[in-house]
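Please look over the sequence and the model below before reading on. The paragraphs that follow go through a residue, a helix, a hairpin and the pockets in turn.

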Amino acid sequence: MVTPGDVRLERLRWWHIAPLLPLEAELFADEPWTARTFWSELAQLDTRHYVVALAGDIPVGYAGLCDYPDEAWVQTMAVARALHGRGLGTRLLLELLAEAERRGQRVVSLEVRADNVAAQGLYSRHGFIRTGVRRGYYQPSGTDAWVLTRRT
């Protein structure tokens with residue numbers, strides 16, 4: 001059994017994409033990112049920062065940040081269900097927040113499913129507050145997204 005202590009964070013590279021797609025499909029069954037989406041994100045080196053959490057060579061989580069001129073946005077964050085509630089989401093989020101700080105960003109925003117109470121709790125514990133709603137944002141489910149923002 002994998003524990004959070006067995007997991008290391010690395011910069012996400014092209015060779016991680018294929019192995020992380022099953023995790024993406026498991027966690028976001030109706031709305032997964034495609035390999036093409038990940039490739040596109042990784043190609044934008046100047047504005048993107050992605051990390052992968054690895055247990056051995058197996059991806060068990062990942063997260064990404066986009067650095068816009070006036071604020072940073074968490075693009076995605078995922079943790080294998082077997083590791084939910086064990087601190088890996090916190091590690092990933094703290095890595096993104098540290099990168100935003102290194103890039104001089106004082107505002108970090110994200111969208112989270114309105115029905116994802118666990119993720120909302122994680123973000124709240126790290127200073128994010130609800131600043132908006134995007135109605136029907138997630139497709140095809142039509143689930144609303146809450147916009148959360150953290151200012152330092």
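Helices and strands here are DSSP runs, at least four residues for a helix and at least two for a strand, numbered from the N terminus. The model is a predicted one. In these terms, Met 77 belongs to strand β4.

Is Met 77 buried or exposed? Buried means under 20% relative accessible area. Met 77 has a relative accessible area of 15%, so it counts as buried. Leaving aside residues up to four places away in sequence, Met 77 is in contact with Phe 28, Tyr 62, Ala 63, Gly 89, Leu 92, Leu 93, Leu 122 and Tyr 123. Val 112 is 35 residues from Met 77 along the chain, and their C-alpha atoms are 9.8 Å apart.

Three of the residues that Met 77 touches, Gly 89, Leu 92 and Leu 93, are also among the buried residues of helix α3. The others buried in α3 are Leu 88, Leu 96, Leu 97, Glu 99 and Ala 100. An α-helix has 3.6 residues a turn, so residues three or four places apart point the same way. The helix α3 has 15 residues, and its first and last C-alpha atoms are 21 Å apart, close to the 21 Å expected at 1.5 Å a residue. Just after α3 comes Gly 104, with a positive phi of about 80 degrees.

Which residues lie nearest the centre of the largest pocket? They are Phe 28, Met 77, Asn 116, Ala 119 and Tyr 123, out of 34 lining residues. Two or more lining residues come from each of α1 (14-27), β4 (72-79), α3 (88-102), β5 (107-113), α4 (117-125) and β6. Strand β4 gives the most, with 6 residues. The volume of this largest pocket is about 1000 Å³, and its lining comprises 17 nonpolar, 9 polar and 8 charged residues.

The second largest pocket has a volume of about 180 Å³. Of its 14 lining residues, Arg 11, Leu 12, Arg 13, Leu 42 and Leu 45 lie nearest the centre. At least two lining residues come from each of α2 (35-42) and β2 (48-55). By class, the lining of the second largest pocket has 7 nonpolar, 2 polar and 5 charged residues.

Strand β6, which contributes to the largest pocket, spans residues 129-138 and pairs with β7 (residues 143-151) in the antiparallel sense over 6 bridges. One bridge joins Val 133 to Trp 146 in β7. The two strands form a hairpin with 4 residues between them, and Gly 142 in the turn has a positive phi of about 80 degrees.

Definitions and conventions
Residues numbered from 1 in each chain as written. Predicted model: local features only at pLDDT ≥ 70, side-chain atom pairs only at ≥ 80, totals over all residues. Heavy atoms only, no water. Pairing = 2+ DSSP bridges. 1 Å grid on protein atoms, 1.4 Å probe; cavity = no way out; pocket = protein on both sides within 12 Å on 5 of 7 lines; lining within 4 Å. Points joined across faces, edges and corners; volume = space filled by probe spheres on them. Nonpolar A, V, L, I, M, F, W, Y, C, P; charged D, E, K, R; others polar. Expected span 1.5 Å × (residues − 1). Buried < 20%, exposed > 50% of the residue type's maximum accessible area, 1.4 Å probe, protein only. Contact = heavy atoms within 4.5 Å.
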